[in-house]
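Please examine the structure shown below. The questions that follow ask on what grounds each description is given.

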Amino acid sequence: MSHVFVVDSDKQPLSPVHPGRARLLLKAGKAAVYRRAPFTLILKKPVEEPRPAPLRLKIDPGARTTGLALVDDASGQVIWAAELTHRGAEIKKALDKRRAMRRGRRSRQTRYRTSRFDNRRRRTGWLPPLHLSRVHNILTWVSRITRIAHVTALSQELVRFDLQQLEQPEIAGVQYQHGTLFGCEVREYLLEKWQRRCSYCGAHNRPLQIEHIVARARGGTARVSNLCLACEPCNTKKGTQVLKDFLAHDPERLARVLAQAKASLKDATAVNVTRWELFRRLQASGLPLETGSGGRTKYNRRVRSLPKTHWLGAACVGESTPEPLSTEGVVPLLITATGRGRRKMCNTNALGFPTGHRKRRRRYFGFQTGDQVRAVVPEGFAAVGTHVGRVMVRATGHFDLTTTQGRVSGVPHRFCHPIGRNDGYRYQRGTPHAADPTLPSA
Ligand SMILES: [Zn+2]
């Protein structure tokens, strides 16, 4: 069950409570709503509560979506979960647009500007804005959760596979195919090494099997250097043939497969800059930080027969994952990063021609663009009805509302009531245990 966060009257975190208990607290007038997303209550009077139970916040960073899970290690209960969608592509697009706009100035008839192309220096550890935004999104949520829950430890998935695990010597039989921790590490390693493609035909987005380059029947070993990935047709077609005969028609590919197979373990370790940067910054937070590999996450998930979703992935990160993991009834909060507006002061039309200048003010009549509001507009106004959505403020006091049904214009500010302030994110209720079809089936 997804729990409700509770803070005391000094805004110090208490143990999250069952939604039923939260309802009672609200009904009895003992608590008020402190935040809507994630749903948090604040107690009205100071109470003598026992020390809250320690919780672990687990993070599975992804390129598009990051899984977050708050787990009680002692009881194995998932207290709260979320899926955080980043806005990498939008940032890239916005920066490309700005670059194009600035480039346009060069050819315009304006006063002479000296060329500026080699007078910039990037500080060490610089990350492209789209990657840095992911790190910032995650750090924001770690700090938000630690403010409303008693988080005493963090877990982060850091690498796809664990090199130390791989360096284990020979393994017996088909052990690596049957979901042992070692098998999961091998699979992740091979996926990385062979770029998630069939080594023989280059097919991707297809289930891949672990394949022995020198067939087992010919004395091939189960060493990782003798393993590659093949789609089912290729695997069946090759059978026990010698690689040289099998790829006789394509000497170029043969050479590539042989070279790739020989490549050292360390070459295949694609260093994920974003994850390491996140690791460094989480370490700086001072909380004990546990790291796990993608192979370990997959193994933990498979052993507990949980479906593949971002938040369940997060709950399975690391060695500390409790043996029975109770996920029943957990509804993940879907968080989407929206940004906090632009710095651009000059509005332009489609051709980049300036059409107006933005006002310095952001807040009108107590509202700011992006706030969640509920508007009950009485008869006699064009926008009659009850609308709930994000507001776009105007200096005239007649706001626009973006609702799930579409856009409503001309809503007078005096009928608007704030539900949630623009905090750079949009929220939605997820469905429990719904598998994400966009994930590669690896
Ligand atoms: Zn193939």
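The following exchange sets values computed from this model against the definitions behind the terms.

Q: What kind of model is this, and how are its residues numbered?
A: This is a predicted model, in which local features need pLDDT of at least 70, side-chain atom pairs count only at pLDDT 80 or more, and totals for chains, interfaces and linings use all residues. Residues are numbered from 1 along each chain as its sequence is written, and side-chain values use heavy atoms, with hydrogens and water left out.

Q: What makes up the secondary structure of the protein chain?
A: The protein chain has twelve helices and 21 strands. Helices (H or I, at least four residues) and strands (E, at least two) are DSSP runs, numbered from the N terminus. Along its principal axes, the C-alpha trace spans about 85 × 70 × 40 Å.

Q: Which residues are the protein donors of the zinc ion, and what makes them donors?
A: The donors are Cys198 (SG), Cys201 (SG), Cys231 (SG) and Cys234 (SG), at 2.2 to 2.3 Å from the zinc ion. Donors are N, O and S atoms within 2.8 Å of the metal (3.2 Å for Na, K and Ca), so these sulfur atoms qualify. Water is not among the atoms, so sites may look incomplete.

Q: Why is the site of the zinc ion called tetrahedral?
A: The angles among its four donor atoms are 102 to 115°. Four donors count as tetrahedral if all angles lie between 85 and 135 degrees, so the site of the zinc ion meets the rule. 

Q: How are the donor residues of the zinc ion spaced in sequence?
A: Their spacing is C-x2-C-x29-C-x2-C. One pair links distant parts of the chain: Cys201 lies in the loop between α5 (181-193) and β8 (208-212), whereas Cys234 lies in helix α6 (residues 232-238), 33 residues apart.

Q: Why is Cys234 called buried and Cys201 partly exposed?
A: Buried means under 20% relative accessible area, exposed over 50%, and partly exposed in between (1.4 Å probe, protein chains only). Cys234 has 10% and is therefore buried, while Cys201 has 37% and is therefore partly exposed. Of the 442 residues in the protein chain, 43% are buried.

Q: How do you know that Cys316 forms no disulfide?
A: A disulfide is a pair of cysteine sulfur atoms within 2.5 Å. The closest cysteine sulfur to that of Cys316 belongs to Cys184 and is 11 Å away, so the two are too far apart for a bond. By this rule the count of disulfides is zero. Cys316 is also buried, with a relative accessible area of 0%.

Q: Why are β10 and β21 called edge strands?
A: An open sheet of seven strands has the order β10-β7-β4-β5-β6-β11-β21, with mixed pairing. β10 (289-293) and β21 (425-429) each have a single partner strand, so one side of each is left without a neighbour in the sheet. Neighbouring strands are turned by 20° against each other on average, direction ignored.

Q: What makes β11 and β21 a pair?
A: Two strands pair if DSSP finds at least two bridges between them. Strand β11 (residues 333-337) and β21 have five bridges in the antiparallel sense, so they qualify. Thr336 stands opposite Arg426 in β21.

Q: Which strands stand at the edges of the sheet of five strands, and why?
A: This open sheet has the order β19-β18-β17-β16-β20, with antiparallel pairing. β19 (406-412) and β20 stand at the edges, because each has a single partner strand and one side is left without a neighbour in the sheet. Four bridges join strand β16 (residues 372-377) to β20, and Gly420 in β20 is the bridge partner of Gln372.

Q: What does Ile419 touch, and what counts as contact?
A: Contact means heavy atoms within 4.5 Å. Ile419, in strand β20 (residues 416-420), touches Arg36, Gln372, Val373, Arg374 and Val388, not counting residues up to four places away in sequence. Ile419 and Arg36 are 383 residues apart in sequence and 7.8 Å apart in space, C-alpha to C-alpha.

Q: Why is Lys27 called exposed?
A: Lys27 has a relative accessible area of 76%, which places this residue of helix α1 (residues 19-27) in the exposed class.

Methods
Four donors count as tetrahedral if all angles lie between 85 and 135 degrees; four count as square planar and six as octahedral if opposite donors are over 155 degrees apart and all others between 65 and 115; anything else is irregular. Axes are lines fitted to C-alpha atoms, for helices over the stretch in contact, and angles run from 0 to 180 degrees between N-to-C directions.
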